[in-house]
Amino acid sequence: MKFGDNLEDSTYEPWKDNYVQYNALKKQLEQGLNGPNGWTERDEGIFGQTLDSDLTKIYAFVNSKFEELQERTTKAELRVATFQEAYNQKALESLTAAISEITDEVNQLSKYCRTNYAGFLKIVKKHDKNVPYKLRPVFMVQLKSRAFYNVNFDSLVVRLSKLYHTIGAESLPFGTPITPSTLTGMINQQGLDRRSFKFWVHPDNVMEVKTTVLKHLPVILYTPRGPGPNNSESLDPSLSSVYLDNSSFDLYNTKLERKEGAQAIRLRWYGSPSNNEIFVERKIHHEINKLGEYHDRFSIKEKYVDAFLKGTYTLDRQVAKLKEQGVKSPAEIEQFQELVKDVQKGIVDMKLRPILRTVYNRTAFQIPGDNRVRLSLDTDLCMIREDNLDGVTRSGNHWRRMDVEYPIGTKTAHEQDMTRFNYAILEVKLELPPNKATPAWVEELMNSHLVESAESFSKYVHGVAVLLESHVALLPFWLAQLEKDSGRTPDAMRGQLSADTPSISRANSTAEIESINSRRSSVVSRAESEHGPALSKGKSRSMDVVVDNNYGGPYGTAPRPGSSRASSIKKGFGFKGLGGVFKKSKGKDSRETSPLLGPTQADDAVPQIRIIPPKPKKVVGVLKVEAKVFFANERTFLKWMNFAVLLGTLGVGLFNAGDNIGRFAGILLAITALLTLVYSIWLYERRLTMLRNKDPGPYDEPVMPTLMCVCLLTAISLNFYLKSNVKSKP
């Protein structure tokens with residue numbers, strides 16, 4: 001779909017005169033380029049004036065509209081303050097309508113900013129592509145000076161959330177900011193066992209998701225400790241986590257494969273790195289329901305983190321302080337001690353070190369003290385390497401690198417060590433009683449066009465797969481899904497994979513990801529051997545260079561027939577290599593082509609070098625079971641049962657109507673039928689359980705069909721053998 005048509009569809013009718021004149025600017029380009037003198041300086045001046053006029057107009061409109069929305073929100077807050085004193089149903093309806101109107105316009109203003117920003121970039125790109133004058137460098141400076149697209153709507157979202165839940169049905173008071181420690185106190189310290197659903201949200205839909213949720217749940221504010229203002233304008237929504245792992249990436253592999261008991265250990269803080277309160281968190285995966293997760297954490301001061309990771313610092317002082325205060329029971333204190341010791345022992349024993357940092361802005365929605373429904377929306381996700389691998393010192397001996405400046409801009413000095421995830425991540429956590437249904441508005445949101453399911457997505461797994469791809473043997477399945485989704489908008493998923501990675505179809509994503517892994521890898525070393533193929537060594541090397549002396553020995557001599565060197569190199573079998581099977585063999589003087597050396601003669605002393613692609617990396621994915629698979633299992637069971645009944649009928653008939661030989665064959669057939677019937681029931685139940693658990697298999701059954709054939713063959717052979725040996729009566 002062309003951007004001009006998309007702009008018309010996205011235009012908010014009351015503001016239609018305040019959008020970028022994309023079609024008019026495009027028409028100016030076409031008329032100037034098609035003019036008798038081509039594109040002149042006069043055309044460039046007119047185009048630049050129109051563009052600058054639109055930028056000034058939009059910048060002024062956004063500022064005035066944002067101020068207007070703030071004033072209207074302030075008036076609504078004053079009305080709410082007097083509303084409780086003079087309750088009136090008509091006044092309540094009027095106030096609710098006013099707040100809803102403000103919410104809708106906030107959503108529309110967010111879309112307006114994104115649409116016009118995209119329009120400016122599109123028209124400037126089209127200009128620079130067709131015109132000899134380069135406008136982009138100058139225009140980007142002007143755009144940065146009037147950055148209408150960087151409006152922060154978080155303060156308005158928080159204020160509207162308070163308004164909704166002050167006049168709401170539950171009559172909640174104005175929300176009080178909640179610290180991470182307070183929130184931790186609300187959570188059962190023994191851990192949470194809840195259902196969790198993850199979704200990707202396109203940047204264009206982020207504000208609409210926020211305005212949808214805030215009508216039902218209030219916004220939680222994470223307040224830093226210490227003096228200072230704690231209002232929505234002063235709070236820093238950023239959240240940072242440093243994930244730990246070892247050089248073998250054991251935690252990465254177990255989490256990617258979703259094994260029972262897979263752990264993720266991270267160090268988390270809220271706001272800027274100057275925050276002194278660090279939370280040590282551990283998440284344990286439950287395989288029982290595929291969605292459960294056991295989550296517990298405790299806090300530690302930043303200056304003790306390094307010693308804690310090395311095992312030289314314990315939290316004995318904090319435990320003694322808890323005992324003196326008497327706030328917690330002895331059982332809770334003992335449980336806290338066990339948690340700390342268990343986490344520290346795991347870090348020391350597994351030699352865990354900082355690997356990856358994730359930084360993002362979180363907006364959380366939850367009724368304070370009520371864990372039944374909780375939603376979190378993470379935006380501006382950035383993943384940064386913290387490891388010291390590849391001979392590069394990043395975090396060093398410290399638990400986190402100190403050269404990362406907050407807030408993280410679009411361009412930093414460490415772009416080679418980071419990747420950005422341009423989708424927002426919505427997580428829905430439910431902790432409902434067994435007989436309590438999911439709220440209708442939550443179901444509607446999860447099934448709407450605003451979100452896309454990302455059930456097994458993990459920030460840590462994605463960051464490692466993209467930034468440390470050469471150090472791991474497994475890749476997540478959603479990389480193919482992201483590459484497919486990137487086609488929806490040109491700039492939607494920029495930075496997810498390397499630029500030379502081709503698009504992947506969702507139908508055969510696994511096979512094509514494996515192909516991508518081979519193509520993205522580079523030849524990092526070349527090994528030679530006189531007695532056979534020389535394979536490159538090293539963990540970071542992804543392709544092997546093989547020296548083939550089949551076209552001449554080390555000194556031009558022919559190889560020995562039947563030697564291992566002559567048979568070690570084989571052409572790969574596939575659709576591309578299939579034609580080589582039918583090619584005529586070339587003569588002795590025919591020329592061969594080497595991928596690295598070019599044409600070579602058969603009697604050349606120079607060996608031929610071939611590149612053997614590495615073994616493709618395994619892609620770990622979630623098995624999606626459709627309804628027809630269950631029906632196929634039932635049909636298979638019925639086929640087995642049908643065969644068993646037919647065989648049993650034949651056996652019983654032979655037993656009742658035949659002689660001794662027939663009875664013997666009938667017994668064998670009847671026993672085979674009974675075993676087949678019992679086995680088919682067991683096989684049906686086994687496969688049904690595997691399908692319900694989304695077990696990847698295997699589902700084939702090579703044993704029983706073979707056994708049935710042997711039994712039938714035995715029964716028929718014995719029958720013929722015995723019958724042929726019976727002498728007929730004269």
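Which residues in α14 are buried? They are K459, Y460, V461, H462, G463, V464, A465, V466 and L467. This is a predicted model.

**Helix α14**

Helix α14 spans residues 459–467 and is mostly covered, with nine of its nine residues buried. S458 caps the N-terminal end of the helix. A side-chain oxygen of S458 lies 3.4 Å from the backbone nitrogen of Y460. Y460 also belongs to a nonpolar core of 31 residues, described next.

**Nonpolar cores**

The largest nonpolar core holds 68 residues. Within it, L51, L375 and L426 touch the most other members. Helix α4 (residues 89–130) supplies the largest share of this core, 11 residues. A second core is separate and has 31 residues, including Y270, F279, I355 and Y460.

L426 deserves a closer look. Beyond residues up to four places away in sequence, L426 touches F197, K198, F199, V201 and V209, among others. Its partners also include L375, S376, L377, L445 and V451. L375, like L426, is among the residues that touch the most other members of the largest core.

**R394 and its surroundings**

R394 sits in the loop between β8 (373–385) and β9 (418–421). Is R394 buried or exposed? R394 has a relative accessible area of 11%, under the 20% cut-off, so it counts as buried. Its side chain makes a polar contact of 3.3 Å with the side chain of D417. With neighbours within four places in sequence left aside, R394 is in contact with R385, E386, D387, N388, L389, R401 and D417. D417 thus appears both in the polar contact and in the contact list.

**Annotated spans**

An unreviewed UniProt entry lists residues 637–657, 664–683 and 703–722 under "transmembrane region". Two of these spans are compared below with the model.

| Residues | Distance between end C-alpha atoms | Helix | Strand |
|---|---|---|---|
| 664–683 | 28 Å | 100% | 0% |
| 703–722 | 28 Å | 100% | 0% |

**Cysteines**

How many disulfides does the structure hold? The structure holds zero. A disulfide is a covalent bond between the sulfur atoms of two cysteines. Two cysteines can be placed by accessibility. C113 has a relative accessible area of 3%, so it is buried. C709 has 52% relative accessibility, which means that it counts as exposed. The cut-offs are under 20% for buried and over 50% for exposed.

How values were computed:
Residues are numbered from 1 along each chain as its sequence is written. This is a predicted model: local features need pLDDT of at least 70, side-chain atom pairs count only at pLDDT 80 or more; totals for chains, interfaces and linings use all residues. Side-chain values use heavy atoms; hydrogens and water are left out. UniProt positions are given in the numbering used here, feature names are shortened, and annotations may be inferred rather than shown by experiment. Helices (H or I, at least four residues) and strands (E, at least two) are DSSP runs, numbered from the N terminus. A nonpolar core is a set of buried Ala, Val, Leu, Ile, Met, Phe, Trp, Tyr and Cys residues joined through side-chain atoms within 4.5 Å. Buried means under 20% relative accessible area, exposed over 50%, partly exposed in between (1.4 Å probe, protein chains only). Contact means heavy atoms within 4.5 Å. A polar contact is a pair of N or O atoms within 3.5 Å; within protein, one must be able to donate a hydrogen and the other to accept it, and residues adjacent in sequence count only if both atoms are side-chain atoms. A disulfide is a pair of cysteine sulfur atoms within 2.5 Å.
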